[in-house]
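Reader: Hey, got a minute to walk me through this one? I'd like to go piece by piece.
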Amino acid sequence: MTAIAIVRTVADLRAAVAAWKKAGERVAMVPTMGALHEGHLSLVALARTKAERVVASIFVNPTQFGPNEDFDAYPRGEARDAELLAGAGCDLLFAPTVAQMYAPGFSTRIDVTGVSEPLDGAARPGHFGGVALIVAKLLIQCGPDVAVFGEKDYQQLQVIKRLVEDLDIPVEIIGAPTARAPDGLALSSRNAYLTPAEREIAPALAAALTEAGRRLRAGESVERVEATGLAALERAGFQKIDYFEVRHPADLSRLGPGPIEGEARILAAAHLGKTRLIDNMAVG
Ligand code: AMP
């Protein structure tokens, strides 16, 4: 078993990062909520190509969960996560407590308007406010040269890029491709909630996105592609579909109703039992 250093306070995190920077080493950060899988580890691998030192954080952030969401049920297992991070070549794990991140009297909110409003912003009110707040805090606490986030959470990645630019946070944000199971399902900590029957249906989400991309490239209209995608998910057995939409790849504004002209991103969110799955794909 390989060990990894774990720090739980901002002071200890800053001391470790300061020592590396003093030695002239670049630092990359990979923020996570734990319950790590190959997707997270691919982010660490990418981070290692960008900097001499990699800090991962594990923090299940209460402010990005709605009142009826899965904050309490969210899978947690720090010992296993720490071992995986050590094996992936991560140098330090920052695992703060909720009290460390939200001290008594904490009052600040961050609202990234525009890009955070449609799609998951509409389906999960307050979610991106919580994400922007915790990511801003983590980046200010750690002060990395680069930070790596997954395209799996594509809207989150765009919100973070906007946040960092608007607040002049001196860090380069890097997007990493989505790691998938062999049948196409995007890896996610929440896949652990799926029953065996639901796990069989789940790859239909990625399949519908792939098919939508094919149709868009063939010149089919956005309106038709979205309708076909929704119907495919319903047929596959998804019970509630939050969205299946073709959007501008950077600001996530609406495209269509006709054929696309430049690049686009297809994004979808749908429920299987108590699990909400999201996925997205590039077009062009
Ligand atoms: P989470 O622990 O779910 O908050 O995710 C932490 C980071 O890992 C985020 O930047 C996610 O976008 C990224 N991530 C999650 N799943 C995947 C995946 N299947 N492939 C690549 N990155 C991922």
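Author: Sure, one term up front: helices (H or I, at least four residues) and strands (E, at least two) are DSSP runs, numbered from the N terminus. Residues are numbered from 1 along each chain as its sequence is written, and side-chain values use heavy atoms, with hydrogens and water left out. This is a predicted model, where local features need pLDDT of at least 70, side-chain atom pairs count only at pLDDT 80 or more, and totals for chains, interfaces and linings use all residues.

Reader: OK. Where does P257 lie?
Author: P257 is in the loop between β7 (240–247) and β8 (264–272). The peptide bond leading from G256 into P257 is cis, with omega near 15°.

Reader: And what's phi of D168?
Author: Near 50°, which is a positive value in a residue other than glycine. D168 sits in the loop between α7 and β6 (172–176).

Reader: Switching topic: which domains does the assignment give?
Author: Domain 1 (5–176) and domain 2 (189–283). Those bounds come from an automatic or database domain assignment. Taken over C-alpha atoms, the centres of the two are 26 Å apart.

Reader: How many residues does each one put into the contact?
Author: Domain 1 gives 21 residues and domain 2 gives 17, with contact meaning heavy atoms within 4.5 Å.

Reader: How much area do they bury between them?
Author: About 1,600 Å², 53% of it on carbon and sulfur atoms. Buried area here is the accessible area (1.4 Å probe) that two parts lose on being put together, summed over both.

Reader: How many salt bridges between domain 1 and domain 2?
Author: Three, where a salt bridge is a side-chain nitrogen of Lys or Arg within 4 Å of a carboxyl oxygen of Asp or Glu. The side chains of E151 and R265 also pair up in a salt bridge, at 3.3 Å from N to O.

Reader: Which elements give two or more residues to the domain 1 side?
Author: On the side of domain 1 that touches domain 2, those are α5 (120–123) and α7 (154–166). The most comes from α7, with three residues.

Reader: What about salt bridges in the whole structure, how many?
Author: The structure has 20. One pairs R8 with E78, with the closest N and O atoms 2.7 Å apart. That pair links distant parts of the chain, 70 residues apart: R8 is in the loop between β1 (5–7) and α1 (10–22), and E78 is in helix α3 (residues 78–87).

Reader: Now the ligand. Which residues come nearest?
Author: Of the 17 residues around the ligand, M33, G150, D153, A179 and L187 come nearest; a residue counts as near if one of its heavy atoms lies within 4 Å.

Reader: What do the ligand's oxygen and nitrogen atoms sit by?
Author: An oxygen atom of the ligand is 2.9 Å from a polar backbone atom of M33. An oxygen atom is also 2.9 Å from an N or O atom in the H40 side chain. A ligand nitrogen atom is 2.8 Å from a polar backbone atom of L187.

Definitions and conventions
Polar contact = N/O pair within 3.5 Å; in protein donor to acceptor, adjacent residues only side chain to side chain.
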